[in-house]
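Visitor: I should like a close look at a single part of this structure, namely its largest nonpolar core. Which residues form that core, and which elements supply them?

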Amino acid sequence: MAVRVLKHQKRCKFCAAAKSAEVNLVLERVRNGDIGRVAALVEIEALGVVRPSIENIKSHFYGKTPHVEVIPDEVVQEENAQRAEIVRKIGTGEIEMADLDEGLRFLATVYLEQQRDKYADGKDLGLTHDHFLKLVGESTKRKTNDAQAKLLDALGGGIGMVFEKALRDAPHAPAIEAGDVIDADVTEVIEDA
Ligand SMILES: [Zn+2]
């Protein structure tokens, strides 16, 4: 039996319990009818939860939005096998490594599509003036970054070309001969008359 956290609630005694996993397993025994709620409360208190109540059990385990769900071992094993299979396929190349830009575009498209549906259904997207300004700012920043990247690329290319040319020309360049040594004695100081 494994416990999956659905919605951790800081103010819930059972979610916040140091031995939360054990508490959930006690509650699962309540659901199975192995023990009653009062007996469960005694066990839960022994696990370090101060004054647990039936109300705590209800909201944590049986509420409209329970905080956890208990999953049978077979389901856990099946899920683990699926994950292991994905990892194996990435290793063998059966699944290609994701292209980050492509992935971001995909997620952005799904997200925007969902937002469009919500908006079309008459739901408020909660957009504020701040959101708008932030979007404008991000857009401007991105354009500046793109321009900088292009400049650096061009500059990098230019420097590369200079080095390439130098390397290409090097074997044909005339050997540097020892220059004439200028004898200091030869140098005359012309004085103005
Ligand atoms: Zn809880």
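Guide: The model is predicted, and the protein chain averages a pLDDT of 86, with 88% of the residues scoring at least 70. Among the elements, α3 has the highest mean pLDDT, 95, while strand β1 (residues 2-5) has the lowest, 83. As a general caution, where pLDDT is low, the predicted coordinates should not be read in detail.

The setting of the core may be given briefly. The secondary structure of the protein chain consists of seven helices and two strands, and along the sequence these follow the pattern β-α-α-α-α-β-α-α-α. Of the 193 residues in the protein chain, 8% are buried. Among contacts with a separation of 6 or more, 63% are between residues 24 or more positions apart.

The largest nonpolar core has 10 residues: F14, V23, V26, L27, V30, A40, I44, V49, I57 and F61. Two or more of these residues come from each of α2 (20-31), α3 (37-46) and α4 (54-62). Helix α2 provides the largest share, four residues.

The pairing of α2 with α3 deserves attention next. Two packed helices are described by the angle between their axes and the distance between the axes. For α2 and α3 the angle is about 170°, and the axes lie 10 Å apart. Because angles over 145 degrees count as roughly antiparallel, α2 is roughly antiparallel to α3. On the α2 side, V23, V26, L27 and V30 take part in the contact, and they meet R37, A40, E43 and I44 in α3. By residue class, this contact of α2 with α3 comprises six nonpolar, two charged and no polar residues.

Helix α4 adds a further part of the picture. Its buried residues are I57, S59, H60 and F61, and what covers them includes α1 (13-16), α2 and α3. Leaving aside residues up to four places away in sequence, I57 touches L27, R37 and A40. I57 and F61 are also members of the core.

Not every position in this region is buried. A46, which lies in helix α3, has 11 other C-beta atoms within 10 Å and is therefore exposed. A46 and V23 are 23 residues apart in sequence, and their C-alpha atoms are 9.8 Å apart in space. In the loop between α3 and α4 lies R51, which is exposed, with 8 other C-beta atoms within 10 Å. Most residues other than glycine have a negative phi. R51, although not a glycine, has a positive phi of about 40°.

For a position in another helix, one may turn to K118, found in helix α6 (residues 100-120). K118 has 12 other C-beta atoms within 10 Å and is exposed, since that description applies to residues with 12 or fewer. When residues up to four places away in sequence are not counted, K118 touches K123 and L125.

To return to the request, the core draws two or more residues from each of α2, α3 and α4, with four from α2. The α2 residues V23, V26, L27 and V30 face contact partners in α3, and α3 is in turn among the elements that cover the buried residues of α4.

Methods:
Residues numbered from 1 in each chain as written. Predicted model: local features only at pLDDT ≥ 70, side-chain atom pairs only at ≥ 80, totals over all residues. Core = buried A, V, L, I, M, F, W, Y, C linked by C-beta atoms within 7 Å. Buried ≥ 20, exposed ≤ 12 C-beta atoms within 10 Å, placed from the backbone. Contact = placed C-beta atoms within 7 Å. Axes fitted to C-alpha atoms, helices over the stretch in contact; angles between N-to-C directions. Parallel < 35°, antiparallel > 145°, perpendicular 65-115°, else oblique. Nonpolar A, V, L, I, M, F, W, Y, C, P; charged D, E, K, R; others polar. pLDDT = per-residue confidence, 0-100.
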